[in-house]
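Subject: Structure handover

Hello,

Here is the structure for you to take over. Please open the sequence and the model side by side before reading on.

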Amino acid sequence: MTTLCKLDELDEGQSRGFASHQGPVFAVKFDGVIHVYKNECPHLGINLEFNKDEFLDSEGQLIQCSTHGALFQIDNGHCLSGPCQGDHLEKLAFEVVD
């Protein structure tokens with residue numbers, strides 16, 4: 001098991017990237033819920049962020065691929081627009097350990 005961070009290190013509306021045994025991943029806290037995804041755009045298989053820990057659009061409402069501007073829903077990873085429209089980010093199972 002890989003520890004990504006402490007709960008208080010991920011604020012509401014914030015995203016952070018991490019190295020894990022599954023490769024690069026990122027976490028987003030949105031509406032009080034943490035979502036963890038594989039850091040890979042389904043279009044080209046590249047990392048989503050250009051700048052460190054910047055996975056969200058300017059409004060902080062969607063995950064955005066910095067290369068092609070594809071937009072994904074935070075809660076389920078569904079691509080709403082861009083070259084991978086209709087595809088999904090790979091959501092990863094995780095657990096919170098006290």
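Below are the findings, taken in turn from the sheets to the cores, the aromatic residues, the cysteines and two backbone angles.

Please keep in mind throughout that this is a predicted model.

Sheets

One open sheet consists of three strands in the order β1-β2-β3, with antiparallel pairing. Strand β1 covers residues 15–20 and pairs with β2 over six bridges. In that pairing, serine 20 has glycine 23 of β2 as its bridge partner. The two strands make a hairpin, and two residues lie between them. On to the next pair: β2 and β3 are also antiparallel, and six bridges join them. Here phenylalanine 30 is matched with valine 33 in β3.

Which strands stand at the edges of this sheet? They are β1 and β3; each has a single partner strand, so one side of each has no neighbour in the sheet. Direction ignored, neighbouring strands are turned by 25 degrees against each other on average.

Another open sheet of three strands has the order β4-β5-β6, and its pairing is antiparallel. Its edge strands are β4 and β6 (79–81), each of which pairs on one side only. From one strand to the next, the twist averages 40 degrees. Strand β5 takes in residues 71–73 and is joined to β4 by three bridges, the two running antiparallel. Leucine 62 has glutamine 73 in β5 as its bridge partner.

As background to both sheets, strands pair through backbone hydrogen bonds, either parallel or antiparallel.

Cores

The largest nonpolar core is made up of 16 residues. Which of them have the most contacts inside it? They are Phe26, Leu48, Ile63, Phe72 and Leu89. Strand β2 supplies the largest share of this core, three residues. Another core lies apart from it and has seven residues, including Phe18, Val25, Ala27 and Leu92.

Isoleucine 63 is worth selecting in the viewer. With its neighbours within four places in sequence left aside, isoleucine 63 is in contact with Phe26, Tyr37, Leu48, Phe55, Leu56, Ala70, Leu71, Phe72, Gln73, Ile74 and Leu89.

Aromatic residues

The count of aromatic pairs comes to two. In one of them, phenylalanine 26 and phenylalanine 55 are stacked, at 4.3 Å centre to centre and with 5 degrees between the planes. Phenylalanine 26 belongs to strand β2 (residues 23–30), while phenylalanine 55 sits in the loop between β3 (33–38) and β4 (62–64), so the pair ties together parts that are 29 residues apart in sequence. Are these two residues buried or exposed? Both phenylalanine 26 and phenylalanine 55 are buried. Together with Tyr37, Phe26 and Phe55 form one aromatic cluster.

Phe26 therefore turns up more than once in this message: in the stacked pair, which joins β2 to a loop, and among the residues with the most contacts inside the largest nonpolar core.

Cysteines

How many disulfides does the structure hold? It holds zero. The cysteine sulfur closest to that of cysteine 41 belongs to cysteine 65, and the distance of 3.8 Å is too far for a bond. The cut-off behind this is that a disulfide needs the two sulfur atoms within 2.5 Å. Seen from the other side, cysteine 65 is in no disulfide either, with the sulfur of cysteine 41 as the nearest one. Cysteine 41 counts as buried because its relative accessibility is 2%. Cysteine 65, at 1% relative accessibility, is likewise counted as buried.

Two backbone angles

Two aspartates have a positive phi without being glycine. Aspartate 31 has a phi near 55 degrees and is located in the loop between β2 and β3. It is exposed, as its relative accessible area is 63%. For aspartate 53, phi is about 65 degrees. Aspartate 53 lies in the loop between β3 and β4. At 23% relative accessibility, aspartate 53 is partly exposed.

Regards

Definitions and conventions
Residues are numbered from 1 along each chain as its sequence is written. This is a predicted model: local features need pLDDT of at least 70, side-chain atom pairs count only at pLDDT 80 or more; totals for chains, interfaces and linings use all residues. Side-chain values use heavy atoms; hydrogens and water are left out. Rings of Phe, Tyr and Trp (its six-membered ring) pair if their centres lie within 6.5 Å; planes under 30 degrees apart count as stacked, over 60 as edge-to-face and the rest as tilted. Helices (H or I, at least four residues) and strands (E, at least two) are DSSP runs, numbered from the N terminus. Buried means under 20% relative accessible area, exposed over 50%, partly exposed in between (1.4 Å probe, protein chains only). Two strands pair if DSSP finds at least two bridges between them. Axes are lines fitted to C-alpha atoms, for helices over the stretch in contact, and angles run from 0 to 180 degrees between N-to-C directions. A nonpolar core is a set of buried Ala, Val, Leu, Ile, Met, Phe, Trp, Tyr and Cys residues joined through side-chain atoms within 4.5 Å. Contact means heavy atoms within 4.5 Å.
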